[in-house]
Amino acid sequence: MLVLGINGSPRPKGNSQYLMSLFMEAMKAKGNDIQVLDAIKLKINPCIGCGNCETKGICIFKDDFTNIFLPAVIKADIIVLGSPIYFYAFPALIKALIDRIQVLWSRKYRLKMDEFKDRKRKGVLLAVGATQGKDLFDGLKLTARYFFDAADIKYETALCYRGIDEKDEMKNHPILHEDIKNLIQKF
Ligand SMILES: Cc1cc2nc3c(=O)[nH]c(=O)nc-3n(C[C@H](O)[C@H](O)[C@H](O)COP(=O)(O)O)c2cc1C
């Protein structure tokens, strides 16, 4: 199986990246192929809502989304969104990638294409944020749910950590390794 990680943090070697690396290493140890794409390294146009995908099933832009991101999303069996909270939402770079998935939404809901019909794909959200509020991850969870739905992926679960701010803070989390071990068993 191919496990695709999508890293939404613009901060190199930060908390999201560490969280994602633990998950990916564990999935690799189980014999899966892994691939990680960093949103910050992809050069993409934002969705402009032109509607081309709703009638033709393709995006007007030819960029890293079309050439790298979309083929990887289509090929993957498990997709992991890993991200910090920025103003209670996904950071802009990964959100721009998510918006471009409108092309898969259009193929599924407007054009009634059933391109993933024989596949059971799964998705997971890994997220961190600095504060403690009970609603902290609501925005990310909703966006992740509808991203996965557009790509015909079953949203399996989310691992979200509050009170994580400094760059290396996730590394010292007391139950992270245990959480990852439990999460891996779902796949
Ligand atoms: C632009 C910006 C906006 C942020 N907004 C929030 C926020 O709304 N709520 C919160 O709890 N943390 C917020 N944070 C803190 C980050 O979520 C936190 O530092 C996180 O650990 C960063 O993860 P990373 O190392 O993977 O980038 C923000 C950080 C930045 C840089």
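How do the residues of the shell around the ligand divide into nonpolar, polar and charged? In this predicted model, the shell holds 9 nonpolar, 6 polar and 3 charged residues. In total, 18 residues surround the ligand, and the closest are Gly14, Ser16, Pro84, Gly129 and Thr131.

With the ligand's surroundings in view, the strands come next. Strand S1, residues 2-7, pairs with strand S2, residues 33-38, in the parallel sense, and 6 bridges link the two. Within this pair, Ile6 stands opposite Leu37 in S2. To get from S1 to S2, the chain passes through helix H1, residues 15-29, and this β-α-β crossover is right-handed. A further parallel pair is formed by strand S4, residues 121-128, and strand S5, residues 153-161, over 8 bridges. Here Val124 stands opposite Thr157 in S5. S4 and S5 join with H6 in a β-α-β unit that is right-handed.

One residue of S1 is worth following in detail: Leu2 is found in this strand. Leu2 has 15 other C-beta atoms within 10 Å, so it is partly exposed; the count for a buried residue would be 20 or more, and for an exposed one 12 or fewer. Although Leu2 and Asp33 are 31 residues apart in sequence, their C-alpha atoms are 4.8 Å apart in space. Asp33 is also among the contacts of Leu2 beyond its neighbours within four places in sequence, together with Gln35, Lys75, Ala76 and Asp77.

Helix H4, residues 92-100, offers a look at burial. Its buried residues are Ile94, Leu97, Ile98 and Arg100. These residues lie on the same side of H4, because they cover an arc of only 165° around the axis. Several elements help to cover them, including S1, helix H3 (64-75), strand S3 (78-84), helix H5 (102-110) and helix H6 (138-150).

Finally, the loops hold two backbone surprises. Most residues other than glycine have a negative phi. Lys13, however, has a positive phi of about 55° although it is not a glycine. Lys13 lies in the loop between S1 and H1, and it is exposed because 10 other C-beta atoms lie within 10 Å. Phe87, which is not a glycine either, has a positive phi of about 50°. The place of Phe87 is the loop between S3 and H4. With 8 C-beta neighbours inside 10 Å, Phe87 therefore counts as exposed as well.

Key: Residues are numbered from 1 along each chain as its sequence is written. This is a predicted model: local features need pLDDT of at least 70, side-chain atom pairs count only at pLDDT 80 or more; totals for chains, interfaces and linings use all residues. Two strands pair if DSSP finds at least two bridges between them. Helices (H or I, at least four residues) and strands (E, at least two) are DSSP runs, numbered from the N terminus. A crossover is right-handed if, with the strands pointing away from the viewer, the path from the first strand over the helix to the second runs clockwise. A residue is near a molecule or strand if its C-beta atom, placed from the backbone, lies within 6 Å of it. Ala, Val, Leu, Ile, Met, Phe, Trp, Tyr, Cys and Pro count as nonpolar, Asp, Glu, Lys and Arg as charged, and the others, Gly among them, as polar. The arc is that of the directions from the helix axis to the C-beta atoms. Two residues are in contact if their C-beta atoms, placed from the backbone, lie within 7 Å.
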